[in-house]
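Please find below a short note on the charged pairs and a few other local features, set out as numbered points for someone who has not looked at this structure before.

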Amino acid sequence: MLVLVINCGSSSVKYDLIETKLEKGICKGIIERIGAVTSIIKHQPENGKTVKDTKAINNHSEALQEIMNYLLSPENQIVNSPSDIKAVGHRVVHGGEMFKDSVLIEDNVLEAIEQAIDLAPLHNPPNLKGIQAAQKYLPDVPHVAVFDTAFHHSLPAEAYLYGIPNRLYRRYKIRKYGFHGTSHYFVSRQFYKLTNKPVEETKVISCHLGNGASIAAIKGGKSIDTSMGFTPLSGLVMGTRCGDIDPSILFYLVEKEELPLNNLHALLNRHSGLLGLSGYAADMRDLIAEAKNGDRRCQQAIDVFCYKVKQHIGSYMASMNGCDAILFTAGIGENSPLIRSKSLANLNFMGIEIDEEKNNAVKSGVLTKISTDDSPVAVYVVPTNEELVIAIDAAKIAQASAQSPWI
Ligand code: ADP
């Protein structure tokens, strides 16, 4: 089934056209800087030349129109008619407590996503805009919402409750939700294909280390804990997000710097993390390069990043009483032998031993085992594919809804 996957940020729309039966990408692309004087457009057909362009794209609706025009243009020979696209899968960041699985988008679902804006003010509004725009250009196909939070619905109360008055959870649903669910789900499934153990007996730690970064403890196929929380701000140190900090720092800062709330929000979301620590860059490649040149603060930022990864791995080993495999994925996890090695250094007492030769020889996009043959805990680099998870879920739901109006 041909499925269009849409992932909308506040000023960007990413898309992937996927043939789900073959699990094959047909064309992907991104429109960035929506609303700026010049937006940047990139289309990458699987069997054709990458097209780059700039023009003014004012909003998400115009971005979707641009994408549809490209896909349907006879000279590009990608899609003959809109009816060839059988479903649209939308990445929705926050599904709140309501959505434990992907769902067909109907009016009540749109309302619920809107209600969750309160929980994800940065993410859910552009997700909604993307849904509305795609419905305009593809009105006759099923649209499906796939939530970043859904995979973590299996967290037990001891993992998702914070140590604050319980009435705040009851009244405002303040709890840990967790994110990157589609990625943690995908990479853990890749590991299950490699092991003879029944899934119910497996224990996996999945490390999604990209610009945004999170770790999940997955026991018997279900997420039982994860590092992000009420929002994607907590847990690991990320590109520009602070990760876990003592909440008292906020009171202190408000007093000392007389910061209004929105500045505090920007400080912790956009000016902290690797960028804030290094005072140089959010991009791990830049930090590694500068640290090699002797920059002390870039080195410190790398050290803090890896220490947090190590701490979470140790804590999830404790939560699960050991683990069978540690999986590294996303931009940093897939591409940086240095960060993998540093994060797992001196964990041999836990049965984790990296083979540095294998670690250094990982090829981009190739699932690779990097632990020694004797290491009790296996360590893999697993390329993630969140878009494929979204496409497959959308195809399944579209197929079912075609059979019965009650689904
Ligand atoms: P996003 O969360 O935006 O999807 P990605 O998964 O694309 O992020 O990861 C982006 C991060 O991956 C950046 O910090 C980038 O520097 C890092 N990265 C990509 N390639 C490498 C590499 N070869 N070595 C170290 N870091 C890398």
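1. In this predicted model, K55 has a relative accessible area of 37% and is therefore partly exposed, whereas its partner E66, at 12%, is buried. The two form a salt bridge in which the closest N and O atoms are 2.8 Å apart, and this pair links distant parts of the chain, with E66 in helix α1 (residues 60-72) and K55 in strand β5 (residues 51-55), eleven residues apart.

2. The structure holds eleven salt bridges, and another of them joins D148 to R91, with 2.6 Å between the closest N and O atoms. D148 lies in the loop between β8 (143-147) and α4 (157-160) and R91 in strand β6 (residues 87-92), so parts that are 57 residues apart in sequence are tied together by the pair. D148 is buried, at a relative accessible area of 2%, while R91 is partly exposed, at 21%.

3. R175 forms a salt bridge with E97, the closest N and O atoms being 2.9 Å apart, and because R175 lies in the loop between α5 (166-172) and α6 (181-192) and E97 in the loop between β6 and β7, the pair ties together parts 78 residues apart in sequence. Together with K173, these residues are linked in a network of salt bridges.

4. Away from these pairs, L277 in helix α9 (residues 273-278) is partly exposed, with 34% relative accessibility. Leaving aside neighbours within four places in sequence, L277 is in contact with V237, R297, A301 and V304.

5. Finally, E106, D107, E111 and E114 form a negative surface patch.

Methods. Residues are numbered from 1 along each chain as its sequence is written. This is a predicted model: local features need pLDDT of at least 70, side-chain atom pairs count only at pLDDT 80 or more; totals for chains, interfaces and linings use all residues. Side-chain values use heavy atoms; hydrogens and water are left out. Patches are made of residues with over 30% relative accessible area and no salt bridge: like charges are joined within 9 Å, nonpolar side chains (Val, Leu, Ile, Met, Phe, Trp, Tyr) within 5 Å. Accessible areas come from the Shrake-Rupley method with a 1.4 Å probe; for residues, only the protein chains shown count as cover. A salt bridge is a side-chain nitrogen of Lys or Arg within 4 Å of a carboxyl oxygen of Asp or Glu. Lys and Arg count as positive and Asp and Glu as negative; His and the chain ends are not counted. The place of a charge is taken as NZ of Lys, CZ of Arg, CG of Asp or CD of Glu. Helices (H or I, at least four residues) and strands (E, at least two) are DSSP runs, numbered from the N terminus. Buried means under 20% relative accessible area, exposed over 50%, partly exposed in between (1.4 Å probe, protein chains only). Contact means heavy atoms within 4.5 Å.
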